[in-house]
Amino acid sequence: MHETAERIRVIESQVLSDDWYLLKKTTFDFLRADGSWQRQHRETYDRGNGATLLLYNRQQRSVVLIRQFRFPAFVNGHHGMLIEAPAGLLDQATPEQRIRAEVEEETGYRLGVVSKVFEAFMSPGSVTEKLFFFMAEYDAASRVGAGGGIAAEGEDIEVLELPFEQAMAMIDRGEIADGKTIMLLQYAALNVFC
Ligand SMILES: Nc1nc2c(ncn2[C@@H]2O[C@H](COP(=O)(O)OP(=O)(O)O[C@H]3O[C@H](CO)[C@@H](O)[C@H](O)[C@@H]3O)[C@@H](O)[C@H]2O)c(=O)[nH]1
Ligand SMILES: [Mg+2]
């Protein structure tokens, strides 16, 4: 089998929208497994890459999550208040630099040791973003501020400290319905609270 790059010939790329994020439509030829070339068109939504982190306290068996309004979830029939692990876009920073700043901004907790656990494409059919996943322990002393995010950017973030078992039960009841958050809680179930 050929390297993927040898199977793709980009014909043209058109910017459909370049406002907050970048939406492009690209026409390319794709070398199929049977050796024939097929012309395809795909739209890609580019917001850059991001990072997310689960704050946990092993001894207390607790985690810290945030709750915020998500308009795209609202327009898809959800009430919109999503419970999530803190996350943010990288801008020009490294994933670890960015997640340290983002967690402190959103939750008020200052991180000590941070461990990267995996990287994942969350919607690879349409969104270019790769998300970097981290874990870090917290305790009461690591809370240096109130969190809440940046009000001027429209963020209005509530910080929730929950028993780990309660967070897992909230997945079962559909009260936690964010992919990255479910992935991190399940990672914690397999590797931290086992
Ligand atoms: N004006 C404007 N602001 C926007 C828009 N979209 C997002 N924002 C603002 O841009 C900021 C982005 O905040 P971050 O904390 O960096 O990102 P996030 O929204 O928490 O999460 C993003 O990254 C996660 C991790 O990569 C993703 O999981 C998530 O889907 C999202 O893209 C927030 O203040 C948000 O309100 C928009 O279309 N217009
Ligand atoms: Mg965020």
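**Close-up views of a predicted model**

**View 1. Asp-29 stands opposite Arg-39, a residue of strand β3, in this predicted model.** Strand β3 is joined by ten bridges to strand β2, which comprises residues 22-31, and the two run antiparallel.

**View 2. The open sheet is built from three strands in the order β1-β2-β3, and their pairing is antiparallel.** Its edge strands, each of which pairs on one side only, are β1 (8-18) and β3 (37-46). On average, and with direction ignored, neighbouring strands of this sheet are turned by 20° against each other.

**View 3. Ala-87, Glu-102, Glu-106 and Glu-155 are the residues covered by the annotation "binding site" in the unreviewed UniProt entry.** Although these residues span 69 residues in sequence, no two of their C-alpha atoms are more than 12.4 Å apart, so they gather at one spot.

**View 4. Glu-102, one of the residues annotated in the UniProt entry, is placed in helix α2, which covers residues 95-107.** Glu-102 counts as buried because it has 21 C-beta neighbours inside 10 Å, the threshold for that class being 20 or more. When residues up to four places away in sequence are not counted, Glu-102 touches Ala-51, Pro-86, Ala-87 and Gly-88; of these, Ala-87 also belongs to the "binding site" annotation in the UniProt entry.

**View 5. Glu-155, which the UniProt entry likewise includes under "binding site", is found in the loop between β9 (130-137) and β10 (158-163).** Glu-155 has 15 C-beta neighbours inside 10 Å and therefore counts as partly exposed. Apart from neighbours within four places in sequence, the contacts of Glu-155 are with Gln-68, Gly-149 and Ile-150.

Technical notes: Residues are numbered from 1 along each chain as its sequence is written. Chains are lettered from A and ligands numbered from 1 in the order in which they are written. This is a predicted model: local features need pLDDT of at least 70, side-chain atom pairs count only at pLDDT 80 or more; totals for chains, interfaces and linings use all residues. Two strands pair if DSSP finds at least two bridges between them. Helices (H or I, at least four residues) and strands (E, at least two) are DSSP runs, numbered from the N terminus. Axes are lines fitted to C-alpha atoms, for helices over the stretch in contact, and angles run from 0 to 180 degrees between N-to-C directions. UniProt positions are given in the numbering used here, feature names are shortened, and annotations may be inferred rather than shown by experiment. A residue is buried if 20 or more other C-beta atoms lie within 10 Å of its own, exposed if 12 or fewer, and partly exposed in between; C-beta atoms are placed from the backbone. Two residues are in contact if their C-beta atoms, placed from the backbone, lie within 7 Å.
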